[in-house]
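Colleague: I have a new model open and would like to learn how to read its features. Could you walk me through a few of them?

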Amino acid sequence: MADPGKVLAFLRLGPGWDASLMFVMGSALAVTLPGFWWLRRSGRAPATAAGRIDAPLLVGAALFGLGWGLAGYCPGPALVAFSQGATGALWLVPAMFVGQWLADWYTRR
């Protein structure tokens with residue numbers, strides 16, 4: 001997932017589509033869902049704003065998806081690529097932190 005070409009090939013439907021990241025996502029779900037099920041059954045599930053869909057959530061999701069589609073990175077793999085000196089990540093990671101700072105500043109206003 002630290003290779004933006006692989007991610008973009010997954011996001012691009014049509015000829016050359018690479019479905020291999022579905023196995024990564026499926027594996028993550030297979031590991032995570034039993035843990036969430038157990039937490040919920042035990043009454044120790046973390047508090048969430050479940051069911052609350054508002055403008056900041058929609059704008060944040062749209063910006064995240066746009067950035068992922070343009071750069072080919074989501075935050076975790078971007079940090080890995082940044083640590084490896086990947087050119088795209090050298091631009092993306094500082095921009096990601098500036099975006100986080102701006103979002104925090106906006107919500108505190």
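Colleague: Let me start with Gly 88. In which helix does Gly 88 lie?

Modeller: Gly 88 lies in helix α5. Keep in mind that this is a predicted model.

Colleague: And how do I read its exposure? Is Gly 88 buried, partly exposed or exposed?

Modeller: The idea is to place the relative accessible area between two cut-offs: under 20% is buried and over 50% is exposed. Gly 88 has 43%, so it counts as partly exposed.

Colleague: How far apart are Gly 88 and Phe 36 in sequence and in space?

Modeller: They are separated by 52 residues in sequence and by 34 Å in space, C-alpha to C-alpha.

Colleague: Let's move along the helix. Why does Val 98 count as partly exposed?

Modeller: Val 98 is also placed in α5, which spans residues 87-108. Its relative accessibility is 48%, and because exposed means over 50%, Val 98 counts as partly exposed.

Colleague: Which residues make a nonpolar surface patch with Val 98?

Modeller: Trp 101, Leu 102, Trp 105 and Tyr 106 join Val 98 in a patch of about 570 Å².

Colleague: Now the largest pocket, please. What is its volume, and what lines it?

Modeller: Its volume is about 730 Å³. The lining has 23 residues, with Gly 60, Leu 63, Phe 64, Gly 99 and Gln 100 nearest the centre. Elements giving two or more residues to this lining are α3 (55-71), α4 (75-83) and α5. The most come from α3, with ten residues.

Colleague: How many of the lining residues are nonpolar, polar or charged?

Modeller: In the lining of the largest pocket, 18 are nonpolar, five are polar and none is charged.

Key:
Residues are numbered from 1 along each chain as its sequence is written. This is a predicted model: local features need pLDDT of at least 70, side-chain atom pairs count only at pLDDT 80 or more; totals for chains, interfaces and linings use all residues. Side-chain values use heavy atoms; hydrogens and water are left out. Patches are made of residues with over 30% relative accessible area and no salt bridge: like charges are joined within 9 Å, nonpolar side chains (Val, Leu, Ile, Met, Phe, Trp, Tyr) within 5 Å. Accessible areas come from the Shrake-Rupley method with a 1.4 Å probe; for residues, only the protein chains shown count as cover. A salt bridge is a side-chain nitrogen of Lys or Arg within 4 Å of a carboxyl oxygen of Asp or Glu. Helices (H or I, at least four residues) and strands (E, at least two) are DSSP runs, numbered from the N terminus. Buried means under 20% relative accessible area, exposed over 50%, partly exposed in between (1.4 Å probe, protein chains only). On a 1 Å grid over the protein atoms alone, a cavity is a set of points where a 1.4 Å probe fits but cannot get out, and a pocket is an open set with protein on both sides within 12 Å along at least five of seven lines; lining residues have an atom within 4 Å of a point. Grid points are joined across faces, edges and corners, and a volume is the space filled by probe spheres set on the points. Ala, Val, Leu, Ile, Met, Phe, Trp, Tyr, Cys and Pro count as nonpolar, Asp, Glu, Lys and Arg as charged, and the others, Gly among them, as polar.
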